[in-house]
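Good morning, and thank you for making time on the agenda. I should like to walk through one protein chain, and I ask that you keep the display in view while I speak.

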Amino acid sequence: MTLNTINTKYVLDAIGRLKNGKASDPDKVTIKLAKDAVKFIAYPIMCIFNSSITNGIFPDVWKTANVTPIHKSGSKSDLNNYRPISVISVFARMLERLVHDQLSEFLTFNNILTSSQAAFRKLNSTTTSLISSTDHWHENMDNNKMNLAIFLDLRKAFDTVDHSILIKKLNSYGIVDRTGDWFESYLTNRAQFCTLNGNKSKQRKVTCGIPQGSCLGPLLFIIYLNDFENSLQYSRASIYADDTNVTIASDDIQRMIDNASQEMLNLSQWTRIDKLSPNPQKTEFMIIGHPLKAKHPSLPESLVLNDHNIKRVTQTKSLGLIVDENLSWEAQFNRTMDKINSGIWALKRLKNILPQSQLSIVYYALVESQLRYGDVVWGSLSRTKLAALQRLQTRVLKIIRNAKIKDT
């Protein structure tokens, strides 16, 4: 792969595509300021970008991130309940977008990325990943096979990527010479500081992990996981970023158990070599099949991964949907009903306060989003359950009967 230089038109287009936001980067530059000054800075920015590409060096001044902790849920005294939001230089984001587009084109043209990875790729989404998994499970069940699905959770996967290993993987895919030097420069000598309640911490070096707040980081992450399938012998993987499930299928229970035990050893070896850490508390497995077969007494209640017991579950959450061992979608249906009822309660409270146009926005956010997400996966319910969903939908429409809402 060889990175190509650009002209000023690219800089003008790149700044124009940036979404306006209030946050300023570590240099106190906002996107609005960059857009207002674009005619004056386009040429020097082009020169900096082209110099970076031709010399294989990412500017050190653009390697610093401003991290703000945002509380998610739970106790505010528990640091695990905060999500770090990173803001990097506006111009660093533009240069990363330039490299991202060329790297993505290179990977696609050479068919390098595994088809089992659905994240951060065109024409792929969480829904396509869910369809791939459920279709595979249904096909095995139609062929009288059981599915042993391992739902693998990697602890802080984005933050623990080893830079030296990532650089070796990039080199193995043909990203070498000056282009390889650019990626090595991009990953090294990075720093970050934290801002909270107007207070700014000291800068600390970042020695591992994918740079947060960037468009290039997620693409590098899926490259890091791209060889995951090579470690498997008896199973098929379905991956969305670090959300991974591995399925072993067989019509012989003992063979399935033996193959699953071997795959757990393979997973353990792969994570150890790539310096990733499975989370035994969140990693689970499920026997997916017809109800009578799923209750067979020979089926295991636990597996071993990295000397930890991985528990068997009857249902689990995967990419926003609740998957159960019989693929009945009963739990997903109940959850959707609860969410829609909550949306109805909110609309009743708001119907005398907001105009109908605003009620429509609330409807799409709280009700339709629940009905639409993954409906091609879990929507094969009985007529009784579909009728129940339709009744709730009718109640919503009665509340905002004068609003122009698309027929659902």
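Let me begin with a single residue: does Leu-347 count as buried or exposed? Leu-347 counts as buried, because its relative accessibility is 0% and the cut-off for burial is under 20%. Please bear in mind throughout that this is a predicted model.

Where does this leucine sit? Leu-347 is found in helix α11. Setting aside neighbours within four places in sequence, its contacts are Leu-359, Val-362, Tyr-363, Val-367, Val-396 and Ile-399. Ile-399 deserves a further remark: 52 residues separate Leu-347 from Ile-399 in sequence, yet their C-alpha atoms are 7.3 Å apart in space.

I turn now to the helix itself. Helix α11 covers residues 330–350. Its 21 residues should span 30 Å at 1.5 Å a residue, and the end C-alpha atoms are 30 Å apart, so the expected and computed values agree. The buried residues of α11 are Ala-331, Gln-332, Phe-333, Thr-336, Met-337, Ile-340, Gly-343, Ile-344, Ala-346 and Leu-347. When reading that list, recall that an α-helix has 3.6 residues a turn, so residues three or four places apart point the same way.

What covers these buried residues of α11? The cover includes two strands, β12 (315–318) and β13 (321–324). It also includes the helices α12 (356–372), α13 (375–378) and α14 (383–399).

Next, the strands, starting with β4. Strand β4, residues 190–196, pairs with β1, residues 64–71, in the parallel sense over four bridges. In that pairing Thr-64 stands opposite Ala-191. With β6, residues 204–206, the pairing of β4 is antiparallel and has three bridges; here Arg-190 stands opposite Val-206. A further antiparallel pairing, over two bridges, joins β4 to β5, residues 199–200. There, Leu-196 has Asn-199 as its bridge partner. The hairpin of β4 and β5 has two residues between the strands, and within this hairpin Asn-197 takes a positive phi near 55 degrees.

My second strand is β9, residues 284–288. How many of its five residues are buried? Five of the five are buried, and the strand is mostly covered. In a regular strand the side chains alternate between the two faces of the sheet. In β9, Glu-284, Met-286 and Ile-288 point one way, while Phe-285 and Ile-287 point the other way, and all are buried. Strand β3, residues 146–152, runs antiparallel to β9 and is joined to it by five bridges. One of the facing pairs is Ala-149 with Met-286.

Finally, the chain as a whole. The protein chain has 14 helices and 13 strands, and 47% of its 408 residues count as buried. Its C-alpha trace spans about 70 × 60 × 45 Å along the principal axes. Among contacts with a separation of 6 or more, 73% come from residues 24 or more positions apart; the pair Leu-347 and Ile-399, at 52 residues apart, falls in that range of separation.

As to the surface, the chain exposes about 21,700 Å², of which carbon and sulfur atoms supply 51%. There are 51 positive and 37 negative side chains, and the centres of the two sets lie 10 Å apart.

That concludes my presentation, and I thank you for your attention.

Terms used. Residues are numbered from 1 along each chain as its sequence is written. This is a predicted model: local features need pLDDT of at least 70, side-chain atom pairs count only at pLDDT 80 or more; totals for chains, interfaces and linings use all residues. Side-chain values use heavy atoms; hydrogens and water are left out. Buried means under 20% relative accessible area, exposed over 50%, partly exposed in between (1.4 Å probe, protein chains only). Contact means heavy atoms within 4.5 Å. Accessible areas come from the Shrake-Rupley method with a 1.4 Å probe; for residues, only the protein chains shown count as cover. Lys and Arg count as positive and Asp and Glu as negative; His and the chain ends are not counted. The place of a charge is taken as NZ of Lys, CZ of Arg, CG of Asp or CD of Glu. The expected span of a helix is 1.5 Å times one less than its number of residues. Two strands pair if DSSP finds at least two bridges between them.
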